[in-house]
Amino acid sequence: MKKVNISIGFIGLVYKKGEIVRVLKTGTYWIGFSETLKTSSLQTAFTPLEGLAIALKNEVVTPYLHLLEVKDNEIAFRFEYGRLAQIHTAGTYAFWNLLVDYSFIIEDRSVVGISPKIERTLLEHPSVRNLIRVFRVEEYQRGLLFIDHTFNKLCEAGEYMFWINTRVVTMQLVDMRMRMMEVSGQEVLTRDKASLRLTLFASYSVRDVKKAVLENADYEKQLYTALQLALREYIGTRSLDEILENKESISEFVLNELRETAGTMGIELKSVGVRDIILPGEMKDILNRVLIAEKQAQANVIMRREETASTRSLLNTAKLMDENQTLFKLKEMEYIEKIADKIGTITVSGNGQVMKQLTEIFS
């Protein structure tokens, strides 16, 4: 016989012929010479010499154990005193139930979603991050969730986590912010066969995500093509003069024409504007000559109108002076005053009749 001591926090396993025959708690014991003792900490997992599978068939030791079975498609969270201690994948685990307060959460990874009982802090654990898929949807985005290539749901802003398994999980993000589309360098013929090159801008935003993505293949390309066709429809049915005189009506026409069409694509068309209308070089020269001729004609009309008004005014003045001698004399004196203002020196010569000469000059 030999004496053994089991310290606090440990447990003793007495082996005889390779099999556990007794379990010793804290205290002092006598064991036979044919028996061996193995001590184990109560804060560690149960790791018997003969292997866990064999030891778990021994009814001597199983009452002292917490048994954890994790299947191939499962993951287990082991807690000690309510705090996460370790994460276990598929396998069989055993822990002493004499000291540590253990608790477990077992999650089925064969399903796509993660159970709400799994707190976010647990999913942030390094051992778990490589087992989950993470999709982030920003505030200005919406996400279309597909499971096994089938639409599942529309996701608002937030972070979404799913187990990595045999299921195919993808998410398509759609930007909901206002965007600008440029339809540039469009060569179009007017009704009178004049060639124009235009650049069109359109501001739009996605309003119905499911309709834009699920019911339309490449909604942006479709919107671009619709803008092209509406622009060509407007230009092709009007003459060059009509287009140049009503440039703002191009935007109004395209906007009204496409607002309903864009709505069927899940898009809200906000505004349309034409930035450039470029004419060929020869057409520019012709229009410049026409403009110069128009301005010259307008100038001639204005000059003739002013000459006519001036002549009419002179005629009216002459009639008044002819009818009123006093008015005639006042007008004469007015002109003499203007002439006198331009005279610097007056030289008078003669036989002394100065006053008479001055009177003759200004009368």
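1. Is F33 buried or exposed? F33 counts as exposed, because its relative accessibility is 67% and the cut-off for that class is over 50%. The model is a predicted one. F33 sits in the loop that links β4 (27-31) and β5 (36-41).

2. F33 also takes part in a nonpolar surface patch, together with M1 and W30. The area of this patch is about 420 Å².

3. Q186 lies in strand β16, which spans residues 179-189. Its relative accessible area is 6%, so Q186 is buried. Two polar partners can be named for the Q186 side chain: the backbone oxygen of S184, reached at 3.1 Å, and the side chain of Q228, with a polar contact of 3.1 Å.

4. When neighbours within four places in sequence are set aside, the contacts of Q186 are L196, R197, L198, Y224, Q228, L231 and R232. Q228 is thus listed as a contact and as a side-chain polar partner of Q186.

5. The count of aromatic pairs is seven. One of them joins F95 and F104, with centres 6.0 Å apart and planes at 35 degrees, a tilted arrangement. F95 is buried at 2% relative accessible area, whereas F104, at 27%, is partly exposed. The pair of F146 and F151 is edge-to-face, with 5.9 Å from centre to centre and 70 degrees between the planes. Here F146 is buried, with a relative accessible area of 14%, and F151 is partly exposed at 25%.

6. F95 and F104 belong to one aromatic cluster with Y102.

Methods. Residues are numbered from 1 along each chain as its sequence is written. This is a predicted model: local features need pLDDT of at least 70, side-chain atom pairs count only at pLDDT 80 or more; totals for chains, interfaces and linings use all residues. Side-chain values use heavy atoms; hydrogens and water are left out. Patches are made of residues with over 30% relative accessible area and no salt bridge: like charges are joined within 9 Å, nonpolar side chains (Val, Leu, Ile, Met, Phe, Trp, Tyr) within 5 Å. Accessible areas come from the Shrake-Rupley method with a 1.4 Å probe; for residues, only the protein chains shown count as cover. A salt bridge is a side-chain nitrogen of Lys or Arg within 4 Å of a carboxyl oxygen of Asp or Glu. Helices (H or I, at least four residues) and strands (E, at least two) are DSSP runs, numbered from the N terminus. Buried means under 20% relative accessible area, exposed over 50%, partly exposed in between (1.4 Å probe, protein chains only). A polar contact is a pair of N or O atoms within 3.5 Å; within protein, one must be able to donate a hydrogen and the other to accept it, and residues adjacent in sequence count only if both atoms are side-chain atoms. Contact means heavy atoms within 4.5 Å. Rings of Phe, Tyr and Trp (its six-membered ring) pair if their centres lie within 6.5 Å; planes under 30 degrees apart count as stacked, over 60 as edge-to-face and the rest as tilted.
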